[in-house]
Amino acid sequence: WGAGTVFPAGYSAPNKPCPIDGGRRYLVKGQSDLEETFKCIATVGASGYGLLGQALTAAMQSNINDPGGCNNGFLRKDALLMVTFIATVGDYGSEGTPAEWAQAVIDTKGDEKSVVMFNISGGGPECKPYDRVCLMAAMFTYHHLVHVEEPDYGPGFVEAASLVETACAG
């Protein structure tokens, strides 16, 4: 729970290891073959889709981010955090509320303006009342929402990346 997926397995997943540079479970600037690597780690299949809020909360825990943890180096005090959700179905099973998930991120980062949320789901560009992940993402100053049926997510990623630049400038 919460650790980056390096071997997406199961129904509709690539069922192969994803080649992330440096043996990390997350991408950093300079990742070789970024497009293919992102495609590999983002194609996680159809399992666990209803637990995104709980997975995000787990990713904020110190036991996996501190030295010796499987995500060591992922959360850094001197770096912005960009969270990207891609889901065709909303979160129906996570414990907690969107506000509690957002607070877990804010508590970990120390400032909500050091976080950029990018959500591709059935909700964007306007959150539906039942789309809890979209509602959580929209709680952050720097967020971008895209509908999952957009024919090209590229412009959405460009917009989210521009929010990273804006947040860094602040």
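This is a working chat about one predicted model, its strands, its charged residues and the segment before helix 1.

Q: Before we start, what kind of model is this, and which pLDDT limits apply?
A: It is a predicted model, in which local features need pLDDT of at least 70 and side-chain atom pairs count only at pLDDT 80 or more, while totals for chains, interfaces and linings use all residues. Residues are numbered from 1 along each chain as its sequence is written, and side-chain values use heavy atoms, with hydrogens and water left out.

Q: OK, strands then: which way do strand 1 and strand 2 pair, parallel or antiparallel?
A: Strand 1 and strand 2 (residues 115-121) pair in the parallel sense, over six bridges. Strands here are DSSP runs of E with at least two residues, helices are runs of H or I with at least four, and both are numbered from the N terminus; two strands pair if DSSP finds at least two bridges between them.

Q: Which residues stand opposite each other there?
A: Val83 stands opposite Met117 in strand 2, and Leu81 stands opposite Val115 in strand 2.

Q: And how does the chain get from strand 1 to strand 2?
A: The chain passes through helix 4 on the way, and this β-α-β crossover is right-handed, a term that applies if, with the strands pointing away from the viewer, the path from the first strand over the helix to the second runs clockwise.

Q: Which residues of strand 1 are on its covered face?
A: In strand 1 (residues 81-86), the covered face has Leu81, Val83 and Phe85, whereas Met82, Thr84 and Ile86 make up the uncovered one.

Q: How many residues of strand 2 are buried?
A: Seven of the seven residues in strand 2 are buried, where buried means under 20% relative accessible area, exposed means over 50%, and partly exposed lies in between (1.4 Å probe, protein chains only). Val115, Met117, Asn119 and Ser121 point one way from strand 2, and Val116, Phe118 and Ile120 point the other way.

Q: What about strand 3, how is that joined on?
A: Strand 3 (residues 142-147) runs parallel to strand 2, with six bridges joining the two, and Phe118 stands opposite His144 in strand 3.

Q: Switching to charges, how many salt bridges are there?
A: The structure holds one salt bridge, defined as a side-chain nitrogen of Lys or Arg within 4 Å of a carboxyl oxygen of Asp or Glu. The side chains that meet in the salt bridge are those of Arg132 and Asp91, at 3.2 Å from N to O.

Q: Where do those two sit in the chain?
A: Arg132 is in helix 5 (residues 132-137) and Asp91 is in the loop between strand 1 and helix 4, 41 residues apart, and the pair thus links distant parts of the chain. Asp91 counts as buried because its relative accessibility is 1%.

Q: What does Lys109 do for a partner, then?
A: Lys109, in helix 4 (residues 98-109), is buried yet has no salt bridge, and the nearest side chain of opposite charge, Asp78, is 6.8 Å away. For charge, Lys and Arg count as positive and Asp and Glu as negative, while His and the chain ends are not counted. The side chain of Lys109 does reach the backbone oxygen of Ala79 at 2.5 Å.

Q: What else is Lys109 in contact with?
A: Leaving aside neighbours within four places in sequence, Lys109 is in contact (heavy atoms within 4.5 Å) with Leu75, Arg76, Ala79, Leu81, Ser114 and Val115.

Q: Last topic, the segment before helix 1: what does the side chain of Asn15 reach?
A: Asn15 lies in that segment, before helix 1 (34-42), and its side chain reaches the backbone nitrogen of Gly10 at 2.7 Å. Asn15 counts as partly exposed because its relative accessible area is 43%.

Q: Which residues there have a positive phi without being glycine?
A: Ser12 has phi near 65° and Asp33 has phi near 45°; Ser12 lies in the segment before helix 1, and Asp33 is found in the segment before helix 1.

Q: Is each of those buried or exposed?
A: Ser12 counts as partly exposed, at 45% relative accessibility, whereas Asp33 is exposed, with a relative accessible area of 53%.

Conventions: Polar contact = N/O pair within 3.5 Å; in protein donor to acceptor, adjacent residues only side chain to side chain.
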